[in-house]
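User: Please examine one part of this structure closely, and then place that part in the context of the whole chain. I would like a single connected account, with the criteria behind each term stated.

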Amino acid sequence: MVRKDFPYLTVAILVLLGISSCKPKLNVAASKVKPNIIVILIDDAGYADFGFMGSKDLQTPEIDKLANSGVVFTDAHTSSTVCSPSRAGLITGRYQQRFGFECNGTGDSLGLDVTEITMAAALKNKGYKTVGIGKWHLGDKEQYLPNNRGFDEFYGFLSGARNYFPNPQNDKPGNLSALMHNQKQINFEGYLTDVLGDAAVNYIDQYKKEPFFMYLSFNAVHTPLQAKKEDLDKFKGHPRQMLAAMTWSLDENVGKVMKKLEAENLLENTIVFFLSDNGGANNNQSTVFPLKGWKGNEFEGGHRVPFAVSWKGHLQAGVKSNKLVSSLDIYATALAVADTKNPNNKPIDGKSLVPFNAIDKLANTHKTLFWRKDEAAATRIGDYKLIRLKNEQSVLYNLKSDIGEKTDLSKAEPEKFQEMEKALSNWENKMVNPLWIEEPDWTKITFDIHKALMNNQKPKKVQP
Ligand code: CA
């Protein structure tokens, strides 16, 4: 075998030597130039709950430093108001309604359509090392597991939420909330946010010599509300003590990641996205002021999120942009910075945020965005926002003068109203029906919340 292969091997070596002797710098540069890509996705955090978003009572010095080292988008939106479909949109760069992943799952067998190509798969195909850390929530059957969706490594849990400390229920063998390393269940000690932050640092160490993609999906600050004693002590007497303590730990761990990049001299070669997967939840002490609504509904509080992008030396620091952007744009931006093309022939709904050197002149951002979760839908065109609820009269707002979505303009501006309704239904024609919907009690409560908020009333109940 050796003798037979020898000539081919020799030719291959000579070719390689030939290339490297002609263009040694190009080869080195080619492997170095591809920037690392890190997406820090947090869970259920409020629009106003970070220093860089104006919070006065929660302390986030490390996240603020990240945000202030790059561009903060104040009009940024996720493609869904709840965890699971939001992740499906982000990781494919496509409206998740294109493949029926419109609602949170209600059963074990549901997951991200296997014909969809994740950001991890696209980047792996381009030579990236890929790692997913933390909450997955995109399916737990074999075909949906992170290792089968483009991730070389997975260190996290498959379900949508879990306890932050080791827990006999969550950590039972085979439980979907148990911590996994790839497909093997593992035990952990301490506080999960620290464990995920440490894992991120270790993977940066492991992958620092090659281009890598890291999807760092903290479950903080999703319920259950649990924090370390020392962090609770730090915020003793705080009116939002639990959230303040959980956010502090999250901040420390984001800081760990950024400090590791700095220590390894990787900041100039790593683009970092930071965002929440949906608006602040009504059960985790979060605030979305001055927005209306919360996680699960189509008002701004449900899908407008804190969103920052940092890339030292490539992005101007300290920029605030009010351009309309989406979590869907991360995929398109990642493909652009990795210099690769859309790996399939399916349409991508996100837009690349590059070139970054002209961030204020971005011609590329969205003029329209759309949302739909079962009976409630919304669209944004310019400053206008329309919210539609099944069998109810839709409402129209002008966000420029009415960010709190209080004054319905549907009667006052009938032409705009018609235009928005038509745009929404045109978009829906390109989507498919949801493959599953939420449980009946959630469907009803979600309808009632929308109806009350559309009438500027307080919902009678916010949970089943
Ligand atoms: Ca969430």
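Analyst: His-137 lies in the loop between E3 and E4, where helices (H or I, at least four residues) and strands (E, at least two) are DSSP runs numbered from the N terminus. The phi angle of His-137 is near 65°, a positive value in a residue other than glycine. The model is predicted, so local features are given only at pLDDT of at least 70 and side-chain atom pairs only at pLDDT 80 or more, while totals for chains, interfaces and linings use all residues. Residues are numbered from 1 along each chain as its sequence is written, and side-chain values use heavy atoms, with hydrogens and water left out.

The loop of His-137 follows on from strand E3, which covers residues 129–135. Of the 7 residues of E3, 6 are buried, so this strand is largely enclosed by the rest of the structure; buried means under 20% relative accessible area, exposed means over 50%, and partly exposed lies in between, with a 1.4 Å probe and protein chains only. E3 runs parallel to E4, to which 5 bridges join it, and two strands count as paired if DSSP finds at least two bridges between them. Within that pairing, Gly-132 stands opposite Phe-154 of E4. E3 also pairs with E7 in the parallel sense, over 6 bridges, and here Val-131 has Met-214 of E7 as its bridge partner.

The sense of pairing changes at the next strand. E4 (residues 153–157) and E5 (residues 180–181) are antiparallel and share 2 bridges, with Tyr-155 matched to His-181 in E5. In a regular strand, side chains alternate between the two faces of the sheet. These strands belong to an open sheet of 10 strands with mixed pairing, in the order E6-E5-E4-E3-E7-E1-E8-E9-E2-E10. E6 (184–185) and E10 (319–326) are its edge strands, each paired on one side only.

Helix H6 (residues 192–207) lies across this region of the sheet, over E1 (36–42), E3, E4, E5 and E7 (212–217). H6 runs at about 175° to E3; axes are lines fitted to C-alpha atoms, for helices over the stretch in contact, and angles run from 0 to 180 degrees between N-to-C directions.

The loop between E4 and E5 contains Asn-163, which counts as buried at 19% relative accessibility. Leaving aside neighbours within four places in sequence, Asn-163 is in contact (heavy atoms within 4.5 Å) with Asn-170, Leu-192, Pro-224 and Gln-226. The side chains of Asn-163 and Gln-226 make a polar contact at 2.5 Å. A polar contact is a pair of N or O atoms within 3.5 Å; within protein, one must be able to donate a hydrogen and the other to accept it, and residues adjacent in sequence count only if both atoms are side-chain atoms. Asn-163 and Pro-224 are 61 residues apart in sequence, yet 6.3 Å apart in space from C-alpha to C-alpha.

Pro-224 sits in the loop between E7 and H7, and a cis peptide bond with omega about 0° joins Thr-223 to Pro-224. Val-221 lies in the loop between E7 and H7 (229–234), and the peptide bond from Ala-220 to Val-221 is cis, with omega near 10°.

A further loop, between helices H4 (83–92) and H5 (119–125), holds Thr-118. Thr-118 is buried, with a relative accessible area of 1%. Its side chain reaches the backbone oxygen of Arg-149 at 2.6 Å, and a polar atom of the Thr-118 side chain lies 3.0 Å from the backbone nitrogen of Ala-121. Not counting residues up to four places away in sequence, Thr-118 touches Ile-91, Leu-112, Arg-149, Gly-150 and Tyr-331.

As to the whole, the chain has 12 helices and 14 strands, and 58% of its 464 residues count as buried. Among contacts between residues at least 6 apart in sequence, 69% join residues at least 24 apart. The radius of gyration is 23 Å, which agrees with the value near 23 Å for a compact globule of 464 residues; the radius is taken over C-alpha atoms, and the globule rule is 2.2 Å times the number of residues to the power 0.38. Along its principal axes, the C-alpha trace spans about 80 × 50 × 45 Å.
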